[in-house]
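Good morning, everyone, and thank you for letting me take a few minutes of the meeting. Please have the sequence and the picture open, and follow along as I point to a few places.

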Amino acid sequence: MTAAPAAAIAAAVRAGERSASSAVQESLAAIAAGGELGAFNAVTAEAALARAEAIDSAVAAGEDPGPLAGVPVALKDNICTRGTPTTCSSRILDGWEPPYDATVVDLLNAAGAVVVGKTNMDEFAMGSSTENSAFGPTRNPHDPARVPGGSSGGSAAAVAGGLTTLALASDTGGSIRQPAALCGIVGMKPTYGRVSRYGLVAFASSLDQIGPMACTVADAALLYSVIAGHDPRDSTSIPEPVGDLNGALAGDVDGLRVGVVSELCGEGIDADVLARLESAAGALASAGAEVGEVSVPAAVFGLSAYFLIAPAEASSNLARYDGVRYGLRVAAPGATDMNVATRTAGFGDEVKRRIMLGTFALSAGYYDAYYGKALKVRTLVTRDFAAAYERFDVLLAPTSPTVAFRLGERTANPLAMYLSDVCTVASNLAGHPAISVPFGSGADGLPVGVQVMAPALGEDVMFRTAAALERLLPATASTHSAGAVTKGTAP
Amino acid sequence: MLTRTKLFSASLNSFGGEPNSHIDSVCLGLPGTLPVLNRHAVELAMRVGLALGAEVRPSIFARKNYYYPDMPKNYQISQYDRPINVGGSLELPSGKVVGTVRAHLEEDTGKSTHVGGAGRIDDAAWSLVDYNRAGVPLLEIVSHPDLRSAAEAREYVTELRATLLAVGASDGKMEEGSLRVDANISVRPLGSAEFGTRCEVKNVNSLRSLGRALEYEARRQIDLLSSGERVTQETRHWNEDTGRTSPLRSKEEATDYRYFPEPDLVPLVPDPAWIERVRAELPLLPRQRRHRLAAATGQPPARLALVVERGQDELALETTEAGADPEAVLKHLEQNLADGTGRLTAAGLAGLITMEQSGELTSNQVKEVLAEMVTSGESPATVARRAGFEAVGAGELAGVVDRIIAEHPAEWQRLRAGDDRERKKMQGFFTGQVMRATKGQANGRDVAALLADRAGS
């Protein structure tokens, strides 16, 4: 399925040339047909159709519904929607319906977008394959035997499979970019604080950011520009206004200084992925960019720091799921017993693993050695990236060390799964923006993503580089046989 | 603290109300919600800090992690290693100075009621939770171990409360929990420089309880040491009914709170101009008011605590400045105006004291006039005239005395010839007769002088 870009849909709806209802109906039909992907936890068909009709009425009345008029958008199921269950793909939130909409949902509504449903994810965004879901895994539209990546695998599969035009997801250590790469779409993590976290169920508060997933860089930029901006309800929100990105998308890369991060191009990165990265670097150079290698020494320690800081914050953030106020409650004789029984039944293994890890890292006697040291590494990562940005405008790296792996391939080995995030966590630790752009295919014809990283608030130059890569792609040959992208059915 | 809304959300901060009527998504810690710091709470915290002479510093919030059903997030947002106020001290009326370590901001928890069983959380039939209090702003003020007796502890809390009230940070109502005290106490042998092992006493809900709990706990610790046992560091619960403390948890059982910086909030760095504005707007503090009145009256600050506490120091100052005898001014405020000064003016009080000291009014009359002045705000002369309290002239009084003596010759004989006891009794009799004849308007000293003169003694 070749979906129309969001910009085209919105333009047609605003001009009265097509109806929002038809766009939404198409999406709902595709969702129904693509059920075997397991991309959605909930489809809000009725509400979506009602909203599409309201948009069509508004257009008929001469009103402008906004820059995303009639565009179907899916939401990762950790983004709160009033009156619609928000589960984080966990049993512990069983039956909970938020009494409020996340700020990004308010912004989507104000821009005329239509939310079509909530997408599957690794439970509480902890994972890299969307296999850690209480509702079963999501499958990769390019090969149903393979994972879509994670934790935002549902959003990625929904966009890649043409079930929705756009999707929002969250990225704590690569959860937007890695599945985008594995599913062959564009996924972007904004500068920390650029998009409000109000209404995003927290995993690791100092790392979480909501960001767009789309088929094209322009659509990702469009969705980003709708959700970005200051929100007084999020104290970590950045007050500076968001600039216009249209110039960036059209801009060239002549003279742009592009650094390829050597530490992220070595051991552990598959050859087919590295080949596509080299191809991307070469394409940028041929377009006039000054491409060089850059060393970011602390980048390799990022993963260890990430797997202490994120679980530490998670151990505290997830403490509220105790069966007292909402969600699952497993009855037991006393209050403490009830807490334990509820959490034991409600959380999956990976979530429990990280709660234990994080609790340990923060414990008296261990804090300095683990959490404290991880914070120092985080400072080093930020410093090393700052040094790199003195010499380069953007940095280039793989998004994922491998193409999409098979379902079940890494579930028995958490450490192997954690390595999926090795190229992406640094941007979260530093709070910098980064985007994954599809750049051909690797082994088995599976998509490969290239990651463009930029300094804080450098979304402009990041999108400029990403748009250029997108334009340059057809001119580059894939190192592996591209093959026909299979949009198969489940085996 | 006296804010309109909670520390991190828009729900009302008000005592009482239907359970769970002052709540919202943020103070309930619903998934996805985020805290936003209340600016007014920060300002009140700074007022207290500056009143204590503390340094207002850039600070950060931390999470204090522990499970309890009345804590919606199962962590409390507090300040840990970088509190907003550092250092400072509080001077008590006695002149003793108690150091303060810090005064930091944190959110309150909700309130649990355990029903059935022994009333404890894990054996109750059920528990009811009211989240109205959850997220209410608190300021925790930690003092140095400078207090040496239960009385001093009470004096410290009294002075602290007066200071909090003066700067408008709290209503100081211990019975409503808006001022709570955790009292740490240790004992040591006379002459020992080292502090003993301390215990923390919780559930002290009034000044009286504070005194009782500390007296009890000091005695308990002394008894332990006297019988060769050791004091265990622990938290103890004060039981108002039994008048005893009992162990709550030992140091070993203490929760590991796993503090770490609250990632949902940014560092709190008050603008220096803001701090200076708050400092400049501070009202006169109780200590300053005592010293000001001490300078004007020549009295020690300790004596002036009551007058300052009642807010009568301004009137005392003005009355003294109007030329009244400071001792007489303080005496009236301390003894006759406990229920307030109403419409009494400095000029009025000064005038009344003049009339009293010149003998124009008897002490009983002064009290009556003063009470009327408090109600009406009139001058003492006006009130005295209306009440018919014009002093009996010296000549008129002598006539009355002579007439009474003539009317009671037998009694007069007993006064003149009797022993000391008899004479005193008869003096009382004649004074009473004179007072009755003058409707109490005679000056007692003048009557005594006339009787002595006539008796020729």
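Let me begin with two parts of one chain: the C-alpha centres of domain 1 of chain B and domain 2 of chain B lie 42 Å apart, and I should say straight away that what we are looking at is a predicted model. If you want to find these parts, domain 1 of chain B covers 1–145 + 255–283, domain 2 covers 286–386, and there is also a domain 3, which covers 394–455. Where domain 1 of chain B and domain 2 of chain B meet, four residues from domain 1 and five residues from domain 2 take part in the contact. On the domain 1 side of that contact, one residue is nonpolar, two are polar and one is charged.

Now let us turn to the two chains, where 29 residues of chain B are in contact with 34 residues of chain A. On the chain B side, these residues divide into 16 nonpolar, six polar and seven charged.

Next, please look at strand 9 of chain B, residues 137–143, which is mostly covered, since five of its seven residues are buried. Which strand is joined to strand 9 of chain B by seven bridges? The partner is strand 6 of chain B, residues 97–107, and the two strands run antiparallel. To see one pair within this arrangement, find L105(B), whose bridge partner in strand 9 of chain B is L139(B).

I would like to finish with some details of the backbone, and for these it helps to remember that most residues other than glycine have a negative phi, and that most peptide bonds are trans. In chain A, S89(A) has a phi near 55°, which is a positive value in a residue other than glycine. You will find S89(A) in the loop between strand 2 (72–76) and helix 4 (103–110) of chain A. Is S89(A) buried or exposed? It counts as buried, because S89(A) has 31 C-beta neighbours inside 10 Å, and the cut-off for buried is 20 or more.

Chain B offers another positive phi in a residue other than glycine, namely that of R258(B), which is near 50°. R258(B) sits in the loop between strand 13 (244–250) and strand 14 (260–261) of chain B, and R258(B) is buried too, because 25 other C-beta atoms lie within 10 Å.

Finally, back in chain A, the peptide bond from G150(A) to S151(A) is cis, with omega near 10°, and S151(A) belongs to the loop between strand 3 (114–119) and helix 5 (153–160) of chain A.

Methods
Residues numbered from 1 in each chain as written. Chains lettered and ligands numbered in written order. Predicted model: local features only at pLDDT ≥ 70, side-chain atom pairs only at ≥ 80, totals over all residues. Domains from an automatic or database assignment. Contact = placed C-beta atoms within 7 Å. Nonpolar A, V, L, I, M, F, W, Y, C, P; charged D, E, K, R; others polar. Buried ≥ 20, exposed ≤ 12 C-beta atoms within 10 Å, placed from the backbone. Helix = DSSP H or I, 4+ residues; strand = E, 2+ residues; numbered from the N terminus. Pairing = 2+ DSSP bridges.
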